[in-house]
Amino acid sequence: MSFSSFGLNPLLLQAIEEKGYSQPTPIQQEAIPAILNQQDVMAGAQTGTGKTAAFALPILQQLAVSDSANASVQALVLTPTRELALQVGKSFQQYGMHMPLRTVVAYGGVSINNQLSEIAKGVDVLVATPGRLIDLVMREAIDLSSLSFFVLDEADRMLDMGFIDDIKRILRSVPATRQTLLFSATFDDAIFKLSQKLLSNPTLIEVDQRNATASQVEQIAYEVDKHRKREITSFLIGSKNWQQVLIFTRTKKSADDLAKEMCKDGLKTEAIHGDKSQGARERALEGFKNGTIRVLVATDVASRGLDIQQLKYVINYELPHNAEDYIHRIGRTGRAGETGLALTLLSADETWLLDEIHKITDTRLMQQWLPGYEPNLDQNFVQKNKKAGGGRTNNRGRSRRR
Ligand code: AMP
């Protein structure tokens, strides 16, 4: 299947070609025709599947042929985080670069003035985080009354972050007659409830198994004593010569502490989390993308929306409390068909978190020891694994004999 089979505008096809996409990804194959057919869509697709183009291309196509006077926002994309807003906004700008359409991105944590002046120049597509959008609506800086497209991106994350009331509030400002698209990596009752409020007779699209982890990603879990995690991390990155490594921690403090320690180990590292200014986060991300920073340590919230081409290595330095975050974390690698490695460093107190992950992904991660880093608290692991009915399946015997 090719992009031209969707009957897309030649200006869009030109941009797609310039991006180097040769064929649509599975989510694009299903979503693009449904959206062009003006249906509401509820799609299960995690980051990395090409979901942004799956909604951006058919929206741009319809905006290109619409006869709107273009006085107000025609498409609104809500995202949970600023990073994702920037990423999605950039995608709209790139796919629509040969079209006379304007995309503006608005998010909190920075002065509103620049965003106000961008909006004053005219907006066709607005990509925004909920809080800043409400601020703009209250100031009457934007008019959503002639909106034709409303997209909720990463809806599961939006609910996790407590945006439900904001979403309800925003809904009061958008017209009842509109096309609504909901994208979510995971589904649960809360998402279905939200979808009933938002969508009208939606087409349900699922390209991945529900709550599935990215299939191209090899997943490994090393059991290791907590106090040796930093050491094993530096050892693996150094000895295997990994160049672009994204590490997840549970808290801002561990992100900062780890980044400091990794720098002492001679690995150029930066941390990003909610307490860092937007400028600092963007600089760190840019450095990570262009290779001047080798290791980026992030909390879950800060990592949403990160799109790093060909990121090969993700390390779960600490497992998340919310098992679904594991899926999002490892979805940072193995994007758009690339392969990746997701390594989990598992200390004895975290085995219950791994059990939660096993439950929602319906797979079992191989638990291994890395020779030289065998945990001392073996008893702890054995007892916990017995209780959970699971166990390690490889490497253990070999490690023990050493
Ligand atoms: P997304 O899931 O939207 O965050 O996209 C993940 C990555 O896939 C981005 O870097 C996109 O540029 C890339 N991508 C999207 N669609 C395609 C395609 N059809 N072929 C190759 N890469 C793509």
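Two strands count as paired if DSSP finds at least two bridges between them, and strands (E, at least two residues) and helices (H or I, at least four) are DSSP runs numbered from the N terminus. Keep that in mind as we walk through this predicted model, where local features need pLDDT of at least 70, side-chain atom pairs count only at pLDDT 80 or more, and totals for chains, interfaces and linings use all residues. Residues are numbered from 1 along each chain as its sequence is written, and side-chain values use heavy atoms, with hydrogens and water left out.

Let's start with the sheet. It's an open one with 7 strands, paired in parallel, in the order β10-β11-β9-β12-β13-β8-β14. The edges belong to β10 (269-272) and β14 (367-368); each has a single partner strand, so one side of each has no neighbour in the sheet. For β10, 4 bridges link it to the parallel strand β11 (residues 295-298). One residue to look for is Ile272, whose bridge partner in β11 is Ala298.

Now for the helices. Helix α11 (residues 252-264) packs on the sheet, touching β9 (245-248), β10 and β11 (contact means heavy atoms within 4.5 Å). Its direction makes about 175 degrees with that of β10; such angles run from 0 to 180 degrees between N-to-C directions, with axes fitted to C-alpha atoms, for helices over the stretch in contact. Helix α12 (residues 278-290) lies across β9, β10 and β11 too, at about 140 degrees to β11.

Elsewhere, helices α14 (residues 323-330) and α15 (residues 351-361) pack at about 75 degrees, their axes 8 Å apart.
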